[in-house]
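Visitor: Take me in for a close look at one part of this model. Start with the terms I need, then build outward from that part.

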Amino acid sequence: MNIVSNATPLILIVEDEPHIAQVLEGYLKRDGYRTEVALDGERALELHRAAKPDLVLLDVQLPKLDGLEVLKRIRAVASTPVIMVTAMAEDLDKLLGLRLGADDYVVKPFSPLEVVARVRAVLRRTAQQPVVTVVRVGELEIDPVGMVASVGGSRLDLTLTEFKLLETLCRHTNRTFTRTELLEVAVPDSEALERVVDAHLANLRKKLERSGLPNLLETVRGVGYRVWVN
Ligand code: CA
């Protein structure tokens, strides 16, 4: 991401359903963002390369290359913030299991206003991140933008989680981290995990409704869920 640019943020919308892309474009533009639209995964990568968007809204189910592959390829070259858009809770589980490094997740059907709010939040969060610098500890070199760690020039084969743990420990040498702190580093998206629960409970509620129990599951605002019996 271009950290010196003050220009209006450019959002790349990757969505194969033109109607949904159009709606998102309309709402984002109304909120002052610039937009580009890619209708398939290959075009998404082309536009990511050419237009250098500040954020990518990335649908999972796409023709040519699916969203997971697109995310993987973006992550191989850049740290552009990515919000994944998934049609199903199952996709979300898979995404979280893969830990490919998306910055947020939206489950379809979504409200366009909610998507715009997420875009704003992710841009704010990523803008606040300190300027990323290469970390060196002796022979070990860690490049947080390329997400590459190497020793004496040869690349270490690390998972994303291993990379984050190593980066954190090396960025703050001589400091002892508790396991809880390291868990937070390795699994920062607890909000996304909460949304997995929401998605599962929404599905469960639909099934209960179909069986004539529309009000069994209660949402307790700001807390969670309960089955309340008088
Ligand atoms: Ca799709």
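Guide: Exposure first. Buried means under 20% relative accessible area, exposed means over 50%, and partly exposed is anything in between. Take Lys 64 as a trial case: its relative accessibility is 62%, so it counts as exposed. One caution before going further: this is a predicted model.

The part to look at is the calcium site. Three residues coordinate the ion: Asp 16 and Asp 59 through OD atoms, and Gln 61 through its O atom. The distances run from 2.1 to 2.3 Å. For calcium, a donor must lie within 3.2 Å, so these three qualify. Water is not among the atoms, so the site may look incomplete. Along the chain, the donors follow the spacing D-x42-D-x1-Q.

How buried or exposed are Asp 59 and Gln 61? Asp 59 has a relative accessibility of 2%, so it counts as buried. Gln 61 is at 42%, which makes it partly exposed.

Now follow Asp 59. It belongs to strand 3, which covers residues 55–59. Set aside its neighbours within four places in sequence. Its contacts are then Val 14, Glu 15, Asp 16, Gly 67, Val 85 and Lys 108. Asp 16, a fellow calcium ligand, is one of these contacts. Lys 108 is another. The side chains of Asp 59 and Lys 108 make a polar contact at 3.3 Å. Charge extends the picture: Asp 59 and Lys 108 join Glu 15 and Glu 17 in a network of salt bridges. So Asp 59 serves in the calcium site and in that network as well.

Val 14, also in contact with Asp 59, leads into strand 1. This strand spans residues 10–14. Five of its five residues are buried, so the rest of the structure largely encloses it. Leu 10, Leu 12 and Val 14 point one way from the strand. Ile 11 and Ile 13 point the other way. In a regular strand, side chains alternate between the two faces of the sheet.

Strand 1 pairs with strand 3 in the parallel sense, over four bridges. Within that pairing, Leu 12 has Val 56 as its bridge partner. Strand 1 also runs parallel to strand 2 (residues 34–38), joined by five bridges. The chain gets from strand 1 to strand 2 through helix 1 (residues 18–30), and this β-α-β crossover is right-handed. In the pairing of these two strands, Ile 13 stands opposite Val 37.

Next, the loops that follow strands 2 and 3. Lys 64 returns here, in a salt bridge with Asp 40 whose closest N and O atoms are 3.8 Å apart. Lys 64 lies in the loop between strand 3 and helix 3 (67–77), and Asp 40 in the loop between strand 2 and helix 2 (41–51). The two residues are 24 apart, so the pair links distant parts of the chain. The cut-off for a salt bridge is 4 Å, so 3.8 Å is inside it. The partners differ in exposure: Lys 64 is exposed, whereas Asp 40 is buried at 14%.

Helix 3 supplies another link. Its Arg 75 forms a salt bridge with Asp 103, with 3.1 Å between the closest N and O atoms. Asp 103 sits in the loop between helix 4 (89–98) and strand 5 (104–107), so the pair ties together parts that are 28 residues apart in sequence. Arg 75 is buried, at 12%. Asp 103 is partly exposed, at 22%.

For contrast, a short-range pair. Arg 171 and Glu 167 meet in a salt bridge at 2.8 Å. Both lie in helix 6 (residues 160–171), four residues apart, or about one turn of the helix. Arg 171 is partly exposed at 33%, and Glu 167 is buried at 16%. The whole structure holds 15 salt bridges.

Conventions. Residues are numbered from 1 along each chain as its sequence is written. This is a predicted model: local features need pLDDT of at least 70, side-chain atom pairs count only at pLDDT 80 or more; totals for chains, interfaces and linings use all residues. Side-chain values use heavy atoms; hydrogens and water are left out. Donors are N, O and S atoms within 2.8 Å of the metal (3.2 Å for Na, K and Ca); water is not among the atoms, so sites may look incomplete. Buried means under 20% relative accessible area, exposed over 50%, partly exposed in between (1.4 Å probe, protein chains only). A polar contact is a pair of N or O atoms within 3.5 Å; within protein, one must be able to donate a hydrogen and the other to accept it, and residues adjacent in sequence count only if both atoms are side-chain atoms. Contact means heavy atoms within 4.5 Å. Two strands pair if DSSP finds at least two bridges between them. A crossover is right-handed if, with the strands pointing away from the viewer, the path from the first strand over the helix to the second runs clockwise. A salt bridge is a side-chain nitrogen of Lys or Arg within 4 Å of a carboxyl oxygen of Asp or Glu.
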